[in-house]
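The following report describes a protein model chain by chain and then turns to its interior and to individual residues. Please read it alongside the sequence and the coordinates.

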Amino acid sequence: MADANSSLTDLYNTLVKAHDQVNAQRVQTDDDDLRDAMLTEMMEITHRIDLVQAQLFTQESDAIDNGVAKVDAAKTDLDTALSKVNSLKSFVNSCTAFLKVVDTAIDLAKKLP
Amino acid sequence: MSKFIFSARIPVNLCTSLLMLCFAAGCPSIQPARVTQFQQSTDTVHVQAQTTFRAINDLVTEDELDLVVKKKDLTESDVAVMLAPTEIAKWEKAFSAVDSYCKSLAALLDPSLATDLEQSFVGAATELKTLDKNALPDPIISTAFAEVAGMLIEAKAQADALKVASSADPSMQVVFTSMANAIGSNDNKPGLITTVSKHWTNRMGVKDDEFHRNFDDFYKAHPTPSKDEKTTFEAAQRQIVLEYIQLRDQRDAQLLTLTSLRKSLLGLAEAHSALARGSAADLSTVLTKLQTELDGTKALYDQFKALKPGAAKPATKPST
């Protein structure tokens, strides 16, 4: 992956350099037809730059995708921590409900002859 | 009884004081409001990335059309989509994951979580008191214990949040810096900024060549032009110069938008790093800086849209 990335980067840099060189020659050329031909050449080079750029964008997007798995895991950890707090809350509430039932039972027992 | 109340209140008050002191005296902590602010900034950057990618694909497609009409054969690679939907979907997934993470972080740090628990404890203590008058020494004590329980939960939530944020931070750095790398920089290195700038060089080259050719053709046809002929010619050339200026402004606005987006992505990485360290001061500074950048990016994008053909054409160059 690193080699493929490096080759693509080298290819990209070569194309960008070629584009710059043709453009530098074009602006110094006085012949209109030659200027047009050079501009078409620049467009062709740019099209190749686009194709390599698309590959580089894919590689960067893959790196992003790999990082996302751990962000998802962090979200799960946060949800677990939150559910522990909620469990404690529901445990206390259950105790309260239980005590209410006991209260009722005691009140009932007091009324018995 | 009063002796018991006195002795029981000391540890409760001490514990409360220590916890409050810790929150106030700069122990690492994450403020829920800052999590929300970070989440909102991420949402804004997400929308800006979407609109930026659309604009880049439109630019490339228009130029591909101009090139392909000169050819004899038409192939799919002549009209390739540079930023493929499958790749953009990975960015969407990443932004969505960060959004969910922020929501969970905000839920864990929600102050009402501790308050609800305090109320549950107070409810339980009240029931216990009803059951047996001697079970708890004093309502003040039971309320104080409930408060401490709430604060302990808050402290535990803070500790959990910091631990998770800290372990997630390396991945957050990978996500945001990879995004910034894909955008690229202004130094002719690989990235969208360089690619886009080459398209604008070509577009401006078309105008530049047209201007050059018109000059040659005019003086070939009129070796000694009259004043009127010269005026008509210069008016035509002026129109080309105006179109050239418009292209320059569009280029500058789009490149500045991309540069600003890159800065915002790096700002998000920096903000999360401060959040994971529990440094409220750093996070506040980074988020303020980030907000300024985001406002600037939005203004630039609006300017870029206004400069597009068919839109109202402002006469001045966008300010940087």
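What follows is an account of a predicted model, beginning with the chains and ending with single residues.

**The two chains**

In this predicted model, chain A holds two helices and zero strands, while chain B holds eight helices and, again, zero strands. Read from the N terminus, the order of elements in chain B is accordingly α-α-α-α-α-α-α-α.

The dimensions of chain A deserve attention, since its radius of gyration is 36 Å, whereas a compact globule of 113 residues would have a value near 13 Å. The C-alpha trace of chain A extends over about 120 × 30 × 15 Å along its principal axes. The charges of chain A can also be placed: there are 11 positive and 19 negative ones, and the mean positions of these two sets lie 23 Å apart.

The table sets out burial, surface and contact values for each chain.

| Chain | Residues and share buried | Accessible surface and share from carbon and sulfur | Share of contacts (separation at least 6) that join residues at least 24 apart |
|---|---|---|---|
| Chain A | 113 residues, 37% buried | about 6,400 Å², 59% | 65% |
| Chain B | 320 residues, 44% buried | about 16,000 Å², 60% | 79% |

**The nonpolar cores**

In soluble globular proteins, nonpolar side chains tend to be buried together. The largest nonpolar core of this model comprises 72 residues, and the members that touch the most others are Phe53(B), Trp91(B), Tyr101(B), Phe176(B), Met179(B), Ile183(B) and Leu265(B). Both chains take part in this core, for at least two residues each are supplied by helix 2 (32-111) of chain A and, from chain B, by helix 2 (32-68), helix 3 (85-108), helix 5 (139-183), helix 6 (192-221), helix 7 (227-277) and helix 8 (280-307). The most is given by helix 5 of chain B, which contributes 14 residues.

Which residues does Phe53(B) touch, not counting those up to four places away in sequence? Its partners are Phe57(A) from the other chain, together with Leu83(B), Ile88(B), Trp91(B), Ile183(B) and Leu192(B). Apart from the largest core there is another one of 14 residues, which likewise draws on both chains, including Leu8(A), Val52(A), Leu56(A) and Leu67(B).

**Two individual residues of chain B**

Phe211(B) belongs to helix 6 of chain B. Is this residue buried, partly exposed or exposed? Phe211(B) counts as partly exposed because its relative accessibility is 34%, a value that falls between the limits of 20% for buried and 50% for exposed. Once the neighbours within four places in sequence are set aside, the contacts of Phe211(B) are with Gln237(B), Ile240(B) and Val241(B). Phe38(B), by contrast, is separated from Phe211(B) by 173 residues in sequence and by 50 Å in space, taken from C-alpha to C-alpha.

Asn188(B) lies outside the helices, in the loop between helix 5 and helix 6 of chain B. Its phi angle is near 65°, which is a positive value in a residue other than glycine. With a relative accessible area of 33%, Asn188(B) is therefore partly exposed, by the limits of 20% and 50% that apply to Phe211(B) as well.

Conventions
Residues are numbered from 1 along each chain as its sequence is written. Chains are lettered from A and ligands numbered from 1 in the order in which they are written. This is a predicted model: local features need pLDDT of at least 70, side-chain atom pairs count only at pLDDT 80 or more; totals for chains, interfaces and linings use all residues. Side-chain values use heavy atoms; hydrogens and water are left out. Helices (H or I, at least four residues) and strands (E, at least two) are DSSP runs, numbered from the N terminus. The radius of gyration is taken over C-alpha atoms; the globule rule is 2.2 Å times the number of residues to the power 0.38. Buried means under 20% relative accessible area, exposed over 50%, partly exposed in between (1.4 Å probe, protein chains only). Contact means heavy atoms within 4.5 Å. Accessible areas come from the Shrake-Rupley method with a 1.4 Å probe; for residues, only the protein chains shown count as cover. Lys and Arg count as positive and Asp and Glu as negative; His and the chain ends are not counted. The place of a charge is taken as NZ of Lys, CZ of Arg, CG of Asp or CD of Glu. A nonpolar core is a set of buried Ala, Val, Leu, Ile, Met, Phe, Trp, Tyr and Cys residues joined through side-chain atoms within 4.5 Å.
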